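Open the structure in your viewer and keep the sequence panel at hand. Each stop below says what to select and what to look for.

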Amino acid sequence: MFQVKADVISKEEISPGVFNLTLISPEISRSARPGQFVHVLCGDQNDRFLLRRPFSIHRVVPGRAFEILFQVVGSGTDELSRVKIHDALDVIGPLGNGFKYSPEIKSALLLAGGLGVAPLLFLAEELTENHVMFYAMLGAKTKTELLRYIDFKRLAKKTFAATEDGSFGHDGTVVALLNRTVHQLRPQVIYACGPEKMLQKISETAEDFGIDCQVSVEAKMACGIGACLGCTYATKRGFRLTCKDGPVFNGRDIMWGGSDVEQLPLDGYDYETAEITDSD
Ligand SMILES: Cc1cc2nc3c(=O)[nH]c(=O)nc-3n(C[C@H](O)[C@H](O)[C@H](O)COP(=O)(O)OP(=O)(O)OC[C@H]3O[C@@H](n4cnc5c(N)ncnc54)[C@H](O)[C@@H]3O)c2cc1C
Ligand code: FES
């Protein structure tokens, strides 16, 4: 993990309100793995932005630079969208665990909903480099919100698209598309990123078909390094920290809908180990 001042060398608005930034950092680009993220200070630390914002590492130029892809959703990302070429951003990373893959994996399916393409393009490039055959399935509400389709098409054996308004690719959700095609594709592993409900349904389908499924989840973060317990995620093995134990989890380990700590009984929750023990 490094803390660097990373110069912005390119900035592109690839879709309305969605920006791609390339940042110089030999340290981060050299050590980053697909699925890891960076924690970015979006403004002056003494100003409004005391807390950093987490963004997946979207792509790397090894030993030189890395990219983030983000959507403007609030004040931090709005500030970030205003950076200029040659501005330097205060960045900590790479953070988190990343996706797991091994030489035994011969076929994979990368499944993204909307901005979920952010960590998966880096993974797609890594799988390509390691000669792993994979399919890609990208979903969005409309064609304009479908991101990185051409990039995945260049890398994947076959790239499927689904839009909820039917403006491009299959008419409907990416989950419906998965359910229609999974028995033919039969990947050994599914890697997914997107809205939580989508990840839940994908994990359920994967479990039905006995397919390993790794999902990258989101939680609000403060420290990003496992110190504040602010990003707890409920799993069947107890609470886990999204920033340190995640953001990638096995889909079948997650207690879907239980990630809001307030919904769970806190009796028996050990704040030291972030484990739930039987309180009876
Ligand atoms: C590990 C990880 C990787 C991420 N990667 C990306 C990425 O590659 N690209 C991208 O665009 N976004 C990504 N996000 C989400 C991104 O961090 C938030 O959109 C960003 O922090 C919002 O900051 P803001 O100040 O603009 O919005 P705020 O004003 O803080 O919030 C605006 C809205 O976004 C919601 N929000 C804020 N932070 C989060 C969060 N961490 N998770 C879910 N919802 C949130 C708020 O509830 C609110 O509805 C990632 C989040 C995590 C945890
Ligand atoms: S954000 Fe502080 S522990 Fe994860």
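**Stop 1: helix α6 and its neighbours**

Select β8 (107-113), α5 (174-185), β12 (189-193) and β13 (212-216): the buried residues of α6 pack against these elements. The model is a predicted one. Now show side chains along α6 itself. The buried ones are Met198, Leu199, Gln200, Ile202, Ser203, Thr205 and Ala206.

How far apart are the end C-alpha atoms of α6? They are 18 Å apart. The helix covers residues 196-208, so its 13 residues at 1.5 Å each should span 18 Å, and the model agrees. Step past the helix to Gly210, which follows α6 and has a positive phi, near 65°.

**Stop 2: helix α3**

Move to residues 117-129, the 13 residues of helix α3. From first C-alpha to last, α3 reaches 18 Å, close to the 18 Å expected at 1.5 Å a residue. Colour its buried residues: Val117, Ala118, Pro119, Leu120, Leu121, Phe122, Leu123, Ala124 and Leu127. Then pick His131. This residue sits just after α3 and takes a positive phi of about 60°.

**Stop 3: ligand 1**

Select ligand 1 and expand to the residues around it; there are 20 of them. Which come nearest? Arg53, Pro54, Leu69, Gly76 and Thr77 do.

Next, check the polar atoms:

- Pro54: a backbone N or O atom lies 2.6 Å from an oxygen atom of ligand 1.
- Gly74: a backbone N or O atom lies 3.1 Å from an oxygen atom of ligand 1.
- Glu218: a side-chain N or O atom is 3.1 Å from a nitrogen atom of ligand 1.

Switch on surfaces. Ligand 1 taken alone exposes 860 Å², and the protein buries 75% of that. Colour the shell by element: β4 (53-56), β6 (65-71) and α2 (75-80) each give two or more residues. The largest share, 4 residues, comes from β4. Recolour by residue class, and the shell divides into 11 nonpolar, 6 polar and 3 charged residues.

**Stop 4: Asp90 in strand β7**

Select Asp90, which is placed in strand β7. Is Asp90 buried or exposed? Its relative accessibility is 11%, so Asp90 counts as buried. Display its side-chain partners. A polar contact of 3.0 Å joins Asp90 to the side chain of Gln3. Another polar contact, of 2.8 Å, links the side chains of Asp90 and Arg52. Widen the selection to everything Asp90 contacts, leaving aside neighbours within four places in sequence: Gln3, Val4, Lys5, His39, Val40, Leu41 and Arg52.

**Stop 5: two cis peptide bonds**

Stay in β7 (residues 88-95) and pick Pro94, found in that strand. The peptide bond from Gly93 to Pro94 is cis, with omega near -5°. Then go to Pro247, in the loop between β15 (238-241) and β16 (248-250). The bond from Gly246 to Pro247 is also cis, with omega near 10°. Why stop for these? Most peptide bonds are trans, and most residues other than glycine have a negative phi. The second half of that rule leads to the next stop.

**Stop 6: positive phi outside glycine**

Select Arg148, in the loop between β9 (133-140) and α4 (149-155). Its phi is positive, near 60°. With a relative accessible area of 13%, Arg148 is buried.

Compare Leu229, in the loop between β13 and β14 (232-235). Phi of Leu229 is positive too, near 60°. Relative accessibility here is 25%, so Leu229 counts as partly exposed.

**Stop 7: Gly139 in strand β9**

Finish at Gly139, found in strand β9. At 10% relative accessibility, Gly139 counts as buried. What surrounds Gly139 beyond its neighbours within four places in sequence? The contacts are Ala112, Gly113, Gly114, Leu146, Ala162 and Val174. Last, draw a distance from Gly139 to Phe160. The two residues are 21 apart along the chain, and their C-alpha atoms are separated by 8.5 Å.

Technical notes
Residues are numbered from 1 along each chain as its sequence is written. Chains are lettered from A and ligands numbered from 1 in the order in which they are written. This is a predicted model: local features need pLDDT of at least 70, side-chain atom pairs count only at pLDDT 80 or more; totals for chains, interfaces and linings use all residues. Side-chain values use heavy atoms; hydrogens and water are left out. The expected span of a helix is 1.5 Å times one less than its number of residues. Buried means under 20% relative accessible area, exposed over 50%, partly exposed in between (1.4 Å probe, protein chains only). Contact means heavy atoms within 4.5 Å. A residue is near a molecule or strand if one of its heavy atoms lies within 4 Å of it. A polar contact is a pair of N or O atoms within 3.5 Å; within protein, one must be able to donate a hydrogen and the other to accept it, and residues adjacent in sequence count only if both atoms are side-chain atoms. Accessible areas come from the Shrake-Rupley method with a 1.4 Å probe; for residues, only the protein chains shown count as cover. Ala, Val, Leu, Ile, Met, Phe, Trp, Tyr, Cys and Pro count as nonpolar, Asp, Glu, Lys and Arg as charged, and the others, Gly among them, as polar.
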